[in-house]
Amino acid sequence: PGQADDDGSPADPAGYTMGTSLQEVERDHIRRTLEHCRGNRSRAAALLGIHRNTLTRKLADLDLGSDE
């Protein structure tokens with residue numbers, strides 16, 4: 001298996017450590033998905049398995065949509 005962090009917990013392949021908030025993980029995942037989709041929100045929402053309106057709300061809630 002993977003290496004363990006200093007606290008003995010398994011290392012996360014995405015690079016997150018224990019104590020990373022769910023909001024931080026969600027923000028990063030959405031940001032990376034939008035980059036992958038070159039800003040296409042409909043495609044990003046489909047890949048994320050959520051409705052486009054939900055993605056739009058999450059972008060506002062996570063301060064990710066102000067520049068688009």
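At 81% relative accessibility, Arg38 counts as exposed, where exposed means over 50% relative accessible area, buried under 20% and partly exposed in between (1.4 Å probe, protein chains only). Arg38 sits in the loop between H1 and H2, and its phi is positive, about 55 degrees, although it is not a glycine.

A word on the model. This is a predicted model, so local features need pLDDT of at least 70 and side-chain atom pairs count only at pLDDT 80 or more, while totals for chains, interfaces and linings use all residues. Residues are numbered from 1 along each chain as its sequence is written, and side-chain values use heavy atoms, with hydrogens and water left out.

## The overall picture

The protein chain has three helices and zero strands, which gives the order α-α-α from the N terminus on. Helices here are DSSP runs (H or I, at least four residues), strands are E runs of at least two, and the elements are numbered from the N terminus. Of the 68 residues in the protein chain, 21% count as buried. The protein chain exposes about 5,100 Å², with carbon and sulfur atoms supplying 49% of that; areas come from the Shrake-Rupley method with a 1.4 Å probe, and for residues only the protein chains shown count as cover. Take the contacts between residues at least 6 apart in sequence: 31% of them join residues at least 24 apart. Contact means heavy atoms within 4.5 Å.

## H2 against H3

How do the axes of H2 and H3 cross? Helix H2 (residues 41-48) and helix H3 (residues 52-61) have axes that come within 8 Å and cross at roughly 100 degrees. That makes H2 roughly perpendicular to H3, a label for angles of 65 to 115 degrees (under 35 is roughly parallel, over 145 roughly antiparallel and the rest oblique). The axes are lines fitted to C-alpha atoms, for helices over the stretch in contact, and the angles run from 0 to 180 degrees between N-to-C directions.

On the H2 side, the contact is made by Arg41, Ser42, Ala44, Ala45 and Leu48, and on the H3 side by Arg52, Leu55, Thr56 and Leu59. Sorted by class, that contact has five nonpolar, two polar and two charged residues. Ala, Val, Leu, Ile, Met, Phe, Trp, Tyr, Cys and Pro count as nonpolar, Asp, Glu, Lys and Arg as charged, and the others, Gly among them, as polar.

## Two helices, two sides

H2 buries Arg41, Ala44 and Ala45. They cover an arc of only 100 degrees around the axis, so they lie on the same side of H2; the arc is that of the directions from the helix axis to the C-beta atoms. What covers the buried residues of H2 includes H1 and H3. Turned away from that buried side is a face with the exposed residues Ala46 and Leu47.

Now for H3, whose buried residues are Leu55, Lys58 and Leu59. They cover an arc of only 105 degrees around the axis, which puts them on the same side of H3. They pack against helix H1 (22-36) and H2. The face of H3 turned away from its buried side carries the exposed residues Asn53 and Ala60. As background, an α-helix has 3.6 residues a turn, so residues three or four places apart point the same way.

## A few residues up close

Thr33 is found in helix H1, Tyr16 lies in the segment before H1, and Ile50 belongs to the loop between H2 and H3. The table leaves aside neighbours within four places in sequence.

| Residue | Relative accessible area | Contacts |
|---|---|---|
| Tyr16 | 17%, buried | Val25, Asp28, His29, Arg32 |
| Thr33 | 10%, buried | Ala44, Leu47, Leu48 |
| Ile50 | 26%, partly exposed | Ala45, Leu55, Lys58 |

Thr33 is thus in contact with Ala44, Leu47 and Leu48. Ile50, from its loop, is in contact with residues including Leu55 and Lys58, and both of these are among the buried residues of H3.

## Past the end of H3

Which residue after H3 has a positive phi? H3 is followed by Asp63, with phi near 55 degrees, a positive value in a residue other than glycine. Asp63 is in the segment after H3 and counts as exposed at 66% relative accessibility.
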